[in-house]
Amino acid sequence: MTSVGPPPDRSGSRSLDPHLRRYAARAAGMTASEVRALFAVASRPEVVSLAGGMPNLTALPLDSLSTEIADLVSADGLVALQYGSAHGLPELRDQICEVMALEEVRGHPDDVVVTVGSQMALDMVTRIFCDPGDVVLAEGPSYVGALGTFTAYQTGVVHVAMDEHGLVPEALREAITACEAAGRRVKFLYTIPNFHNPAGVTLSVPRRAEILEICARHGILVVEDNPYGLLGFDGQTYPALRSMDPDNVVYLGSFSKTFAAGLRVGWTLAPHAVREKLMLAAESATLCPPTLNQMIVSRYLATHDWRGQIKSFQQAYRERRDAMIAALEQHLPDGCSWTVPDGGFFVWLTVPGGVDTKAMLPRAVTARVAYVSGTGFYADGLGSRQMRLSFCYPTPERITEGVRRLSAVLSDELELAATFGPINQRPGSGPQVPAPDTA
Ligand code: PMP
């Protein structure tokens with residue numbers, strides 16, 4: 001019998017994956033995100049993880065929820081456990097419109113399509129609008145899960161700069177002009193206006209109108225991703241882009257951060273003409289979103305004080321933000337700067353020149369603290385002097401301890417950089433954790 005090994009790949013070497021040559025071209029760009037690569041190490045109990053963006057569920061009323069869910073199945077199980085429509089349950093779509101009204105969106109329930117988290121909505125929007133080679137404009141940095149989706153559809157990402165007031169309109173104009181001059185077709189602007197992941201900043205209200213005007217003038221659709229909009233630490237909200245230009249904005253919403261991420265219930269609110277295509281895309285992906293989970297969300301919104309629950313979340317995240325900012329101020333070495341979010345989950349930290357956050361990560365994990373290097377949030381290799389710190393999940397005490405450990409690692413790193421030069425130019429300084437695409 002001849003031995004059956006994997007066929008040699010194009011380089012002639014034997015790959016571990018015998019299917020390598022069969023993949024579609026679009027699969028070549030699919031690699032594990034840096035966040036996922038980190039997950040295994042960062043989840044060890046001795047490591048303080050400031051890396052993942054897991055919502056903090058400890059404030060949820062689990063007892064009453066479990067009674068309601070049991071009741072749902074016994075009273076309505078034959079509906080709850082059955083297929084539904086790709087559009088989503090009508091009563092839930094009505095309630096979603098009530099939720100969106102908190103940010104001044106006046107949508108019709110017919111134009112809402114319920115999705116499996118807003119991640120699925122991102123996939124659908126990209127699928128129906130982007131051909132390979134098209135350009136998506138996105139803030140730099142941007143949400144890693146969106147970048148993964150854009151790459152999967154072989155779409156080019158052009159980043160647009162942000163400052164403490166969010167996306168910079170002038171940078172948007174320049175990016176559009178550069179794409180037009182290069183003959184590149186821009187399909188949409190992907191933006192996270194509120195409590196940005198990972199940058200922690202919010203788009204100012206005057207800039208909202210300006211950005212919408214620029215996009216409309218250039219025939220560019222706006223995809224507004226807003227999972228954190230109700231998590232302002234003072235209960236403050238901002239008018240959604242969708243409320244200001246309903247005909248040119250596809251809005252993506254989610255119950256992951258305001259209720260329960262594990263239920264995987266999100267939605268899109270699209271211009272009426274787009275809704276049909278979105279529904280067809282949803283149907284071919286999942287047939288329909290899970291009926292039981294939609295009913296759980298709908299029952300929760302009908303019977304629980306969900307606005308009060310969101311207030312508890314705001315308070316929990318605010319305490320954690322305060323702990324993180326206080327610890328950064330107290331412990332970080334000179335030369336670091338960071339954003340101070342007034343909502344959401346994330347702080348974006350910039351370290352002094354000479355430190356490479358990706359190269360430093362293994363040493364941080366050895367010192368029992370994890371973060372995500374800024375490079376994961378750019379499609380173009382930037383971000384090595386930045387990192388995302390998330391404060392959503394650990395307790396305030398753990399956050400303080402995590403920042404203390406991080407500061408010690410950073411100080412050592414700076415001392416080494418001062419003595420031997422920038423970390424990534426020293427011999428033997430290559431990454432010691434698995435590269436993201438192999439983990
Ligand atoms: N958009 C952004 C900006 C996010 O941070 C996330 C989750 N981290 C998502 C979309 C996806 O959320 P979900 O699929 O859970 O609704």
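How many salt bridges does a search of the whole structure find? The search finds 16, and a few of them get their own close-up below. Please keep in mind as you browse that this is a predicted model.

**View 1. The ligand and the residues around it.** Welcome to the ligand site, where 13 residues surround the ligand, with Asp 225, Tyr 228, Ser 254, Ser 256 and Lys 257 coming nearest. By class, the shell holds 4 nonpolar, 6 polar and 3 charged residues. Two elements, α5 (117-129) and α10 (256-260), each give two or more residues to this shell. The largest share, 3 residues, belongs to α5.

**View 2. Polar atoms facing the ligand oxygens.** Here Tyr 228 places a polar side-chain atom 2.6 Å from an oxygen atom of the ligand. Backbone atoms take part too: a polar one of Ser 118 is 2.7 Å from a ligand oxygen, and a backbone N or O atom of Gln 119 sits 3.0 Å from a ligand oxygen. The ligand taken alone exposes 400 Å², and the protein buries 91% of that.

**View 3. The open sheet and its edges.** Follow the 8 strands of this open sheet in the order β2-β9-β8-β7-β6-β3-β4-β5, and you will meet mixed pairing. The edge strands are β2 (112-115) and β5 (166-167); each has a single partner strand, so one side of each has no neighbour in the sheet. Strand β2 pairs with β9 (residues 266-269) in the antiparallel sense over 4 bridges. Look for Val 114, whose bridge partner in β9 is Trp 267.

**View 4. A salt bridge between helices α3 and α12.** Asp 71 and Arg 299 form a salt bridge, their closest N and O atoms being 3.2 Å apart. Asp 71 belongs to α3 (residues 62-80) and Arg 299 to α12 (residues 291-303), so the pair ties together parts 228 residues apart in sequence. Asp 71 is partly exposed at 37% relative accessibility, and Arg 299 is partly exposed at 22%.

**View 5. A salt bridge within helix α8.** Glu 213 and Arg 217 both sit in α8 (residues 205-217), 4 residues apart, or about one turn of the helix. Their closest N and O atoms are 2.8 Å apart in a salt bridge. Glu 213 is partly exposed at 38% relative accessibility, whereas Arg 217 counts as exposed at 51%.

**View 6. Arg 321 with Asp 322, and a salt-bridge network.** The side chains of Arg 321 and Asp 322 meet in a salt bridge, 2.9 Å from N to O. Arg 321 is buried at 11% relative accessibility, while Asp 322 is partly exposed at 36%. Salt bridges with shared partners also join Asp 131, Asp 134, Arg 185 and Lys 187 into one network.

Notes
Residues numbered from 1 in each chain as written. Predicted model: local features only at pLDDT ≥ 70, side-chain atom pairs only at ≥ 80, totals over all residues. Heavy atoms only, no water. Near = heavy atom within 4 Å. Polar contact = N/O pair within 3.5 Å; in protein donor to acceptor, adjacent residues only side chain to side chain. Areas by Shrake-Rupley, 256 points an atom, 1.4 Å probe, with all protein chains shown as cover. Nonpolar A, V, L, I, M, F, W, Y, C, P; charged D, E, K, R; others polar. Pairing = 2+ DSSP bridges. Salt bridge = Lys/Arg side-chain N within 4 Å of Asp/Glu carboxyl O. Buried < 20%, exposed > 50% of the residue type's maximum accessible area, 1.4 Å probe, protein only.
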